[in-house]
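Work through the following exercises with the sequence and the model side by side. Try each task before reading its solution.

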Amino acid sequence: MAGYDEMAPGVFRIRQQVRKGWVPFTMNLYALPGKDGLLFDAGSGTRGAVAHVVRCLLDLEGRTGSRVQQVLPSHAHWDHFSGASALAERHRMTVRLTEAMVPLVRTRACYRAAYREGASALRPRAGAVKEALRSLGGRLMDEAFSLSMGIRAVTGPFSPLAVGDRLETDAGTWEVLAGPGHCDVHIMLWNEKAGILLGGDNVLADITTWLGPPRSDLVAYQKTLETIRELPGLRLILPAHGRPVTDPVKRTTHLIAHRKKRLAEIRDKVETAGPKGLTGRSLVRAYYPRMAPLKRSIAQGWIEATLLYLLREGDVARTAEKGLWRYHTP
Ligand SMILES: [Zn+2]
């Protein structure tokens, strides 16, 4: 059996797939065997997805004669931590979490609360009844998704991990780096000798990573991209989704420019809309005119994050009108 590929000596990619609604959704988990080897990212928590990872780990441990004994989520998004406790149980692994991840992943309720829509840039908070209905709707949606995608809290024991820690594997030493932006508690693993970064969701080869309130930060993300671009001898980024990034400096440079361009675009659109301004919702519809509502609610995250950033900076102001935020020049 395979189910995994060796991306560089001692660095194995396990591909895990679940169904997001009807669409297959693939995650890359990286196994770094060693005396005290590790798995970077835990993926989904469905029974099948976990069983697939356990099979791959057993196979590659047999092949390498080394062990994979620790599992580290890169950040607090469901597709990165949900498999952790089940893997710990079935493969006798230790879950490693940073202090910042703990309050976000220990229960389903705290995970939901950590991403609750309180910070929507499109509409002000409604009355108590309407908000309660929305919250119930969100909860039902979450439960439905959880069935097919396997969203699971990290409920079992864990041992702490910190930025700056160094982890020894057969592929050499990996340093834990902070990589906030996409998610505030994002970490990455850097192997300076090999020039390889396990970048989580920060740099993807073919798509721009998701950004959105309340846990994304545009400024932190730009800084993270700059930090990545300046890593000495960086030659390969292995991302949590999609193919490897083989031109990391070019790709991060492109992403830095892309974010700046998008920021300028939104600022211009608000400015040119005149004194009445425009609603966040009309901006979203202008960017994604034909997208299905559910997909659009995810795609629009960067527009919301950008509006909230411009608001904080004082570049735009907003007024509530008919249940929507209307943005205009201050
Ligand atoms: Zn993510």
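The exercises cover a metal site, three sheet regions, a helix pair and some backbone details.

This is a predicted model, in which local features need pLDDT of at least 70 and side-chain atom pairs count only at pLDDT 80 or more, while totals for chains, interfaces and linings use all residues. Residues are numbered from 1 along each chain as its sequence is written, and side-chain values use heavy atoms, with hydrogens and water left out.

**Exercise 1. The zinc site**

Identify the protein donors of the zinc ion and classify the site.

Step 1. Donors are N, O and S atoms within 2.8 Å of the metal (3.2 Å for Na, K and Ca); water is not among the atoms, so sites may look incomplete. The protein donors of the zinc ion are His-75 through NE2, His-77 through ND1, His-182 through NE2 and Asp-201 through OD, at 2.1 to 2.2 Å.

Step 2. Along the chain, the spacing of these donors is H-x1-H-x104-H-x18-D. His-75 lies in the loop between strand 5 (68–72) and helix 2 (78–81), and Asp-201 in the loop between strand 11 (196–200) and helix 7 (218–229); the pair is 126 residues apart and links distant parts of the chain. Helices (H or I, at least four residues) and strands (E, at least two) are DSSP runs, numbered from the N terminus.

Step 3. The angles among the four donor atoms are 89 to 174°, and the site is irregular. Four donors count as tetrahedral if all angles lie between 85 and 135 degrees; four count as square planar and six as octahedral if opposite donors are over 155 degrees apart and all others between 65 and 115; anything else is irregular.

Step 4. His-75 and Asp-201 are both buried (under 20% relative accessible area; exposed is over 50%, partly exposed in between, with a 1.4 Å probe and protein chains only).

**Exercise 2. The sheet that begins with strand 8**

Give the strand order of the open sheet of five strands, and describe strand 8.

Step 1. The order is 8-9-10-11-12, and the pairing is mixed. Two strands pair if DSSP finds at least two bridges between them.

Step 2. Strand 8 (166–169) and strand 12 (236–239) are the edge strands, each pairing on one side only. From one strand to the next, the twist averages 25°.

Step 3. Strand 8 runs antiparallel to strand 9 (residues 172–178), joined to it by four bridges. The two form a hairpin with two residues between them. Thr-169 stands opposite Gly-172, and Glu-168 opposite Thr-173.

Step 4. In a regular strand the side chains alternate between the two faces of the sheet. In strand 8, Leu-167 and Thr-169 point to one face and are buried, whereas Arg-166 and Glu-168 point to the other and are not.

**Exercise 3. Strand 4 and its partners**

In which sense does strand 4 pair with strand 3, and in which with strand 5?

Step 1. Strand 3 (residues 23–32) pairs with strand 4 in the antiparallel sense over three bridges, and a hairpin of four residues joins them. Tyr-30 has Phe-40 as its bridge partner in strand 4.

Step 2. With strand 5, strand 4 pairs in the parallel sense over four bridges. Here Leu-39 stands opposite Val-71.

Step 3. From strand 4 (residues 37–40), Gly-37 and Leu-39 point one way and Leu-38 and Phe-40 the other, and all are buried.

**Exercise 4. Strands 13 to 15**

Which strands stand at the edges of the sheet with order 13-15-14?

Step 1. These three strands form an open sheet with antiparallel pairing. Strand 13 (278–279) and strand 14 (317–321) each have a single partner strand, so one side of each has no neighbour in the sheet.

Step 2. Five bridges join strand 14 to strand 15 (residues 324–328). Arg-318 has Tyr-327 as its bridge partner in strand 15.

**Exercise 5. Backbone details**

Locate Lys-322, Arg-92 and Pro-214 and describe the backbone there.

Step 1. Most residues other than glycine have a negative phi, and most peptide bonds are trans.

Step 2. Lys-322 has a positive phi of about 50°. Lys-322 lies in the loop between strand 14 and strand 15 and is exposed, at 80% relative accessibility.

Step 3. Arg-92 also has a positive phi of about 50°. Arg-92 lies in the loop between helix 3 and strand 6 (94–98) and is exposed, at 65% relative accessible area.

Step 4. The peptide bond joining Pro-213 and Pro-214 is cis, with omega about 0°. Pro-214 is in the loop between strand 11 and helix 7.

**Exercise 6. A helix pair**

How do the axes of helix 1 and helix 3 cross?

Step 1. Axes are lines fitted to C-alpha atoms, for helices over the stretch in contact, and angles run from 0 to 180 degrees between N-to-C directions. The axes of helix 1 (residues 47–64) and helix 3 (residues 84–91) come within 10 Å and cross at roughly 45°.

Step 2. The two helices are therefore oblique to each other. Angles under 35 degrees count as roughly parallel, over 145 as roughly antiparallel, 65 to 115 as roughly perpendicular and the rest as oblique.
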